[in-house]
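Reader: I would like to learn how to read a few side-chain features in a model. Could you walk me through them?

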Amino acid sequence: MRLWRFAFAAGLFGVHVLASQVVLSEPTTATRTTLVDELGDDPDYESLLRLLQRARLIPTLNRLDGATLFAPTNDAIEHHSFWNSVLNDDSDSMTDNIQEKLRQQLFYHLLNFSIITLPQESHEVQVLKTLHYPRTPLEPPSHEPPPNPPWMPIPGGTLGGEPQRLRVAARKESAWVGVDARGRHGVQITKGKVNATSNCVLLGISAMLEPPPDLATVLSGIPSLSYFHKVLTPEITQILRATPSLTLFLPHFAADDLGRILNMHAVVQKGVMWSESFDPAVNLTTLDGQTLEIIVSPEKTTISTADLVEPDIYASNGVLHLVSSLLIPPGALQLTPEKYLLTLNCTSFVSLIHASNLTSLINDTETKYTILAPSDEVLNVFGDGDLPPPGSDELKKLLQYHFIPGRWKPEKLATGMLLETALEEEGLEGGRQVLGIELSDGKKVRFGGAGVIGEPIEVNNTLIYFISRPLVPPTDALQTALPFLDLSSFLAAIFSTSLAETLKTTSRTSLLIPHNSAFKRLGLLVSAHLLAPSSKSDLEKVLLHHTLDSVQYADALHNSSQHTFSSLEGSDLNLEKAKNGTLFLSASGGWSGMKTELYTKDILTQTGVIHEVSDILIPRTVDLTIGKLVKAAKGSTMATLVSKAGLDWVLNGTAPPEDSRWAQEGFAGTGVQPDCLVLELDFLQEMVGQHLIPTPHTSAPIYGPDENLDDSPTYSTLRTQDSEYGDIIFRLHDDGSGKFVVGIKGARGTDGTGDWAQVESWGRSTTGGGTGGVIQIDAVLLPYHPPWWIEYGAPTVVGIVGSLLIIASSWA
């Protein structure tokens, strides 16, 4: 048996109409029970009875002779935040002594007549009139007393004098109240009782009935109208919120033209046009002056060129009808990119554009643009936390980065192209930020790393691509380079100086970052010197020499006729192009032939671009003397010995004294750096000379054993002229480690510990034409003096043998 039949099966009412209207009357003297009595008799309505007392509605219920109350149970009130807060407010001075909001919500649960029957078929929806007359609240609230007693429901308000409506329907063997026009949603009726003496009906419900809000709020809660709600202006929102007796027809999909579209779909007249007033036909005039022809047939109801999809969505200041399409006469509106974006499920993107005051980008029908649009589904995946705050400059820049001037069809695109966007970047001195293009499989296009979904859409002068993720404009150069692990050594060097902020913010620059391996090829001693705290000035000059004071993208570097580029350090770099197309950059300083291979990567930054280079470039403002390299090798003792030996000009990178034999022979010097001791001056000069290799300017440079030395090459030292054991020889170590050892040529010591050492590291100086440097070894090469039997034995034997031969010949 159906739930509601128990309330009416006894046939307490002898009439067979849907409802009997009963007016408010004074209490009669005859003994009778009222709705208040019925509520008091049922403990399940204890909370509701207390709320009626708070709202001063007990006299109202006592005066009703025949009424229907949809009564929320105690459990329903406990789960309603507003009603529960009023119920538990036990303070002596309540915030709202009149409790207007609570009273109007209670009136929405009350009918001024008795329900005789409830719907029994699933397709049947019953429309009821409540005692709630919605009104526009005063702003600010008046302090004047109300014109009528607050407990009396006064006709009038924003629905043209009509009360708010309520629907009842049958569904799933139960009765439901507060349903929509199709009998969906609503609150379940859980219990019922009829009072025979007062003709009052009490129906218990499982939750509160929320009175319909204004039309602006209603729109925000309908998913199929989300596009309309997102792009509403404050002016239109105010119209929807405050205009009384407003009848609104809106399409349940696609575009809008803001104010004009609203006016084409809105009707304001003396009364609200509910769907029951359409039958059989009626013409309505919209705010825009258009005529809506409404025709009702058994099959459907048409509103001009559209079908009525869902009628009578109640609101506090009117009613909303959903129709199948826009009610716009042909040619009334000009189609803009915005309208297409809305129809193509890019409403969130359009909403962000409106919030950033960039609507000109999507409403300009004359300018040619290529729009890279993320759909609602794409933006929902990223979420609000992944985008800059609404209205921020960061969001505005991000959105501008999605617009490319011109119509760029797929056939015009190629890998490596950089297209200017609508983003005018401060870091480019107002120039437009660019976006990289990639093509895979010959056809699939990627914009800034984002894939393209589907085919592009042509809209007059606009081309729209749908992309797989939002495009984020380039950040500062250092932040951009951080993810590249092979560039980490150079970045660490930058952060060890005070240049980080300069390289982040200097406008229109190209940063040339060497790979980590470049520091090894430069020589560990040179790297150690540059990274030493005492050498910050030299390091900063090197870093600024890697920063061009102009933006040079790959295409310009490969195809431009320019060959010289100035750096922030102040000196120039020269560009050379090999026959095979490889690019090389030469430093302004360093040693002869110092150059690096340029890898044009076009890594975009906020202030320009990053390219990669193979080697570090030394500017002419940096002098890498042997003394600096010896210091970097922690060879202070050796530096002292060299100075005491009168060879300090080797450390300073200056010319030898004019009266010295080294000046006469035109030599500069390369040092071999050992761990050594302080010795007597005579032996000191001999020992230091054993460690110095003269390198005339015309000689080939000694980069380091692991770079340029073949197995077993021989080099003269300063001691060579004074001893046949002055030469030194380099060869690979016998242990297979690939390391080099250096030893005195021809030395024949017993264990060899004083005649050879292992090469630890090296570094090249920039003085003397860059042919000198320092090679660090792990032991001192003691000058070799052979034992007397080796030094004098052979000549003595030769002399004796010669004498004997002479004597023998004379005897003969």
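Reader: About how much area does the chain expose, and what percentage of it do carbon and sulfur atoms supply?

Author: The chain exposes about 38300 Å², and carbon and sulfur atoms supply 53% of that area. Accessible areas come from the Shrake-Rupley method with a 1.4 Å probe, and for residues only the protein chains shown count as cover. Please keep in mind that this is a predicted model: local features need pLDDT of at least 70, side-chain atom pairs count only at pLDDT 80 or more, and totals for chains, interfaces and linings use all residues. Residues are numbered from 1 along each chain as its sequence is written, and side-chain values use heavy atoms, with hydrogens and water left out.

Reader: How many aromatic pairs are there?

Author: Rings of Phe, Tyr and Trp (its six-membered ring) pair if their centres lie within 6.5 Å; planes under 30 degrees apart are stacked, over 60 edge-to-face, and the rest tilted. That rule gives 4 aromatic pairs. One of them is stacked: phenylalanine 349 and phenylalanine 403, 6.2 Å centre to centre with 15 degrees between the planes.

Reader: Why does this pair tie together parts that are apart in sequence?

Author: Helices (H or I, at least four residues) and strands (E, at least two) are DSSP runs, numbered from the N terminus. Phenylalanine 349 belongs to helix H13 (residues 347–355) and phenylalanine 403 to strand S18 (residues 403–405), so the pair ties together parts 54 residues apart in sequence. Phenylalanine 403 also forms an edge-to-face pair with tyrosine 369, at 6.1 Å centre to centre and 85 degrees between the planes. Since tyrosine 369 is in strand S17 (residues 369–374), this second pair ties together parts 34 residues apart in sequence. Ring pairs thus link Phe349, Tyr369 and Phe403 into a cluster.

Reader: Is tyrosine 369 buried or exposed?

Author: Buried means under 20% relative accessible area, exposed over 50%, and partly exposed in between (1.4 Å probe, protein chains only). Tyrosine 369 counts as buried at 13% relative accessibility, as does phenylalanine 349 at 1%. Phenylalanine 403 is buried, with 0%.

Reader: Which residues touch the most other members of the largest nonpolar core?

Author: A nonpolar core is a set of buried Ala, Val, Leu, Ile, Met, Phe, Trp, Tyr and Cys residues joined through side-chain atoms within 4.5 Å. The largest has 42 residues, of which Ile494, Ile513, Leu598 and Ile618 touch the most other members. A second, separate core of 29 residues includes Leu35, Leu48, Ala76 and Ile77.
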